[in-house]
Amino acid sequence: LAAKPDVVIVISSDHMFNIDLAMQPRFVIGMSDQYTPVGDMDIPRIPVAGHRTLAEAIVKQADQDGFDLCQAEEYALDHGVMVPLLFMGLSHLPIVPLIVNINTQPMPSALRCLALGETLRQAVETSLPVATRVAVVGGGGLSHWLCVPRHGEVDEVFDRYTMDKLCNGEQAALAQAGNADIIERGGNGGIEIVNWLMAAQAAHSSGGEKIFYEPMRSWFTGLGGVLYHVN
């Protein structure tokens, strides 16, 4: 809030509320003027404003850069989007949800997500008035294993390693390690850190500072936050 953003791009994952086996896009972007939360985790179903102009600009830039984004005129916001907005006090601002499908194969690679982060930056810089302030939030948990042999585990070593890398501006090194390495070390849910990588690239982050970390085992996930330095 100290940065006084006008609009928020929220990069997150879908938890089978919108994306299912009937339709399996790699990336989905919300194109609506308003979104209603699903209401999972007892999150109030208070509508959140959208920002269609920015969403359209991202789609246009993505097309030029070789990304075919799935456009959603209707999209129900689950906890993957709403928890970051509510925790950060940003739910009153217009948003553009950008969803990375990590539930079906082949999922987008970490390097591909890094490249889409660059597309986001280009769209913001070339399509909006100079005075417009855009916040980019990379949502999702750190390490977590769901519905697999290590179900419920949290790896604090992996989480701290990942956050240290991001605080040192080494998002490219994390991406180059690849999805298989991230999943092996951080779990099938830990691949959500590709959202963090995309946000770091959008910021051209040279590093950042760790805001908090908690191995939240009762939630089956590591929780943390990094504030990127924008270049």
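Where does Thr-221 sit: which strand is it found in? Let's begin there and then walk through some other parts of this predicted model.

1. **Thr-221 and its surroundings.** Thr-221 belongs to strand β9. Its relative accessibility is 8%, and because buried means under 20%, Thr-221 counts as buried. Have a look at the side chain of Thr-221, which makes a polar contact of 3.4 Å with the side chain of His-144. Setting aside residues up to four places away in sequence, Thr-221 touches Gly-141, Leu-142, Ser-143, His-144, Val-154, Glu-214, Pro-215 and Met-216.

2. **Helix α4, from end to end.** Helix α4 covers residues 156-167, which makes 12 residues. From its first C-alpha to its last it reaches 16 Å, close to the 16 Å expected at 1.5 Å a residue. At the N-terminal end, Asp-155 acts as a cap: one of its side-chain oxygens lies 3.0 Å from the backbone nitrogen of Val-157. After α4 comes Gly-169, with a positive phi near 75°.

3. **The buried residues of α4.** Which residues of α4 are buried? They are Phe-158, Asp-159, Thr-162, Met-163, Lys-165, Leu-166 and Cys-167. As you read that list, keep a rule of thumb in mind. An α-helix has 3.6 residues a turn, so residues three or four places apart point the same way. The buried residues of α4 pack against three helices and two strands, namely α5 (171-177), α6 (179-186), α7 (193-202), β8 (208-216) and β9 (221-228).

4. **Gly-208, a partner of α4.** Gly-208 is in strand β8. With a relative accessible area of 13%, Gly-208 is buried. Leaving aside neighbours within four places in sequence, Gly-208 is in contact with Leu-166, Cys-167, Leu-227, Tyr-228 and His-229. Both Leu-166 and Cys-167 appear among the buried residues of α4. Another residue of that list, Met-163, is 45 residues from Gly-208 in sequence, and their C-alpha atoms are 9.3 Å apart in space.

5. **How α3 meets α7.** Helix α3 (residues 110-127) packs with α7 at an angle of about 35°, and their axes are 7 Å apart. Is the crossing of α3 and α7 left-handed or right-handed? It is right-handed. On the α3 side, the contact is made by Ala-110, Cys-113, Leu-114, Leu-116, Gly-117, Glu-118, Leu-120 and Arg-121. On the α7 side, the residues are Val-194, Leu-197, Met-198, Gln-201 and Ala-202. Sorted by type, the residues of this contact are 9 nonpolar, 2 polar and 2 charged.

6. **Helix α1.** The 13 residues of α1 (residues 52-64) should span 18 Å at 1.5 Å a residue, and the end C-alpha atoms are 19 Å apart, which agrees. Buried in α1 are Leu-54, Ala-55, Ala-57, Ile-58, Val-59, Gln-61 and Ala-62. These buried residues pack against β1 (7-13), β2 (27-30), β5 (70-72), β6, α3 and β7 (134-138). Just after α1 you will find Gly-66, which has a positive phi of about 90°.

7. **Pro-5, before β1.** Pro-5 lies in the segment before β1. Is Pro-5 buried or exposed? Pro-5 counts as buried, because its relative accessibility is 12%. Not counting residues up to four places away in sequence, Pro-5 touches Leu-90, Leu-93, Arg-133 and Ala-135. Although Pro-5 and Val-136 are 131 residues apart along the chain, their C-alpha atoms are separated by 9.5 Å.

8. **Backbone details in the loops.** Three spots are worth a careful look. Gln-105 and Pro-106 are joined by a cis peptide bond, with omega about 0°, and Pro-106 is in the loop between β6 (95-100) and α3. Met-41 is not a glycine, yet its phi is positive, near 60°. Met-41 lies in the loop between β3 (34-35) and β4 (48-49), and it counts as partly exposed at 46% relative accessibility. His-204, also not a glycine, has a positive phi of about 50°. His-204 is in the loop between α7 and β8, and its relative accessible area of 30% makes it partly exposed.

Notes. Residues numbered from 1 in each chain as written. Predicted model: local features only at pLDDT ≥ 70, side-chain atom pairs only at ≥ 80, totals over all residues. Heavy atoms only, no water. Helix = DSSP H or I, 4+ residues; strand = E, 2+ residues; numbered from the N terminus. Expected span 1.5 Å × (residues − 1). Buried < 20%, exposed > 50% of the residue type's maximum accessible area, 1.4 Å probe, protein only. Contact = heavy atoms within 4.5 Å. Polar contact = N/O pair within 3.5 Å; in protein donor to acceptor, adjacent residues only side chain to side chain. Axes fitted to C-alpha atoms, helices over the stretch in contact; angles between N-to-C directions. Left-handed = near helix turned anticlockwise from the far one by under 90°. Nonpolar A, V, L, I, M, F, W, Y, C, P; charged D, E, K, R; others polar.
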